[in-house]
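Welcome! Here is a short tour for anyone meeting this structure for the first time. Take a look at the sequence and the model, then read on.

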Amino acid sequence: MLAALAVVMTVARAQGKSAATRYETPFGAVWTQNVRAEPAAVKWRLWVGYSDANHDYLDHLDYLVSLQSRWQAAGLQVGVVMPTGEARKLAATQPPVLVLAPRPDDEQANSNIVEQLNGRVFLMNADDAVLCAMATPDGIEDVLRAMSSGAGRDQVLLAKTQLLTLLQNVPDGGNFGRAVDQCLQAMPKSGRAHAAKVLNYWWCEGDLQAARTAVKVALKELADHSLPLCTFADLVVRGDHEDTEVAGWIAAAIAPIAKDARHGAFTQLVYLRALLKSRGDARTAGRIAAILPKRLRGRPRSQVIFAETVMDAETPEIYRDAAERALKSAEAHAAWKRWVFCARHKLLKRCGDDAGAKLLMATYRKDPVGRGDLNNDAWYLMVQPQTMGRFDTLALAQTQQMQAVQGARISVNSKDTAALALFRNGHLEQAIALAKETNPKTHSAYLGRFQRYEAVLARRKSNKLPAKANK
């Protein structure tokens, strides 16, 4: 592929396309920063925007290059739109996609890209009409396939719209099997669609074997699609905390991507979590954990994720200093204050500092970010896609406080939340006992979770695994 791309670059230069070309995009007017040959007949233009404060394009670039390679003959042109400084840096590496930016003297246009347009994706036709807008390139190949063949176009666009809602709702529990199947049928190259299938088996149906089968199918289907594969891996490795073998499959699948130095922090963090949860290659995990902090400077969200990720290690104490430094840096950014509290609680609990964790919770509950309803705070930390699998220790602390405050008056809904928190922290027998008090057969969501708890306990006993709860 690299040889072919070199030919493309040589041809473009031979055609004399050295001057900047102006394009009208949903981001505004932008100019090319590098030389790229257009397809013989442009049918679609894919514009992806990134801010200079975010390095997601390092995780996306390989996938965008592969899209350009697979679809160029069909008429696709891929371009990444950035503020001028970042665009020039990327263009200097001669990527085989267009790199575009506003004019250097257009400060307002640069500011707009930074503030409003990060990560947005637009697929346009040759007449510059928007055919599809997305928040991530994941799934765009399914859209291209439907646009190209004309078959299933409406189904793909509908599935693209429904997918985010499904990911929000599936961990909440319910009857989503049919909707998940329809979404995956329409978007077989979407990592999020495959993740929704696996999460549905875990969170809604409690079918561990079906989930394992769905993981294998996804890893095969997404093998040559780096961004969808890593997107799938991120959701799935956080959606479960028991099956070390599944984590091992995922680690092995994304290892070739993660080991490529061109990829960014997201890929490295997903790989690190999969390695730690698989209880596998500790040496590689340690090397990544040692290198990552330098790459994460100035990126508070990623610093918090790094700190809570290394606490998933079998021996988290060895990473405590690195995690503390990352959180110290991130806490200067008020927007991530709640996440810093959550990650620090995980650090304290996983490192055996129960007294420190108790003091932290007292401070958290007095702070505006922690004054919300105890049940809701715990529940949404556990089930929302952005926080799922990251902050389960704080969720358990909130449900324990809730149980202490409500006593015998505790509602069935609150018992369900407390049972999930117990389960997510490894207390299986206690989770099952409390879940029985919710009369799970009367509520499909309760029943799905209860079946999951029982299935995990049965698997643990059949594998003769010790009953290990998080510290």
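## The largest pocket

Several elements come together around the largest pocket: helix H2 (56-71), strand E7 (130-134), helix H6 (153-169), helix H10 (226-239), H12 and helix H14 (300-310) each give at least two residues to its lining. The volume of this pocket is about 1200 Å³. Its lining counts 39 residues, and those closest to the centre are Asp56, Thr136, Phe266, Arg301 and Gln386.

What is the lining of the largest pocket made of, by class? There are 18 nonpolar residues, along with 10 polar and 11 charged ones.

## How sure is the model?

Please keep in mind that this is a predicted model. Mean pLDDT for the protein is 90, and 92% of the residues reach 70 or more.

Two stretches call for some care. Over residues 1-17, pLDDT stays under 50, and the model has 19 contacts beyond four places in sequence for them. Residues 465-471 also have pLDDT under 50 throughout, with 15 contacts beyond four places in sequence.

## Helices H11 and H12

Let's return to H12, one of the elements that help line the largest pocket, and look at its partner. Helix H11 (residues 244-258) and helix H12 (residues 265-278) have axes that come within 8 Å and cross at roughly 145°. The crossing is left-handed.

Which residues make the contact between H11 and H12? From H11 come Thr244, Ala247, Gly248, Ile250, Ala251, Ile254, Ala255, Ile257 and Ala258. H12 answers with Thr267, Gln268, Val270, Tyr271, Ala274, Leu275, Lys277 and Ser278. Sorted by class, this contact has 11 nonpolar residues, 5 polar and 1 charged.

## Enclosed spaces

Besides the pocket, there are cavities to find. How many cavities of 30 Å³ or more does the model have? The count comes to 3, and the largest cavity has a volume of about 70 Å³.

Around the largest cavity you will find Trp202, Leu208, Arg212, Asp240, Glu242, Asp243, Val456, Arg459 and Arg460. Helix H9 (208-221) and helix H22 (444-462) each supply at least two of these lining residues. The largest share, 3 residues, belongs to H22. By class, the lining of this cavity has 6 charged and 3 nonpolar residues, and no polar ones.

Technical notes. Residues numbered from 1 in each chain as written. Predicted model: local features only at pLDDT ≥ 70, side-chain atom pairs only at ≥ 80, totals over all residues. Heavy atoms only, no water. Axes fitted to C-alpha atoms, helices over the stretch in contact; angles between N-to-C directions. Helix = DSSP H or I, 4+ residues; strand = E, 2+ residues; numbered from the N terminus. Left-handed = near helix turned anticlockwise from the far one by under 90°. Contact = heavy atoms within 4.5 Å. Nonpolar A, V, L, I, M, F, W, Y, C, P; charged D, E, K, R; others polar. 1 Å grid on protein atoms, 1.4 Å probe; cavity = no way out; pocket = protein on both sides within 12 Å on 5 of 7 lines; lining within 4 Å. Points joined across faces, edges and corners; volume = space filled by probe spheres on them. pLDDT = per-residue confidence, 0-100.
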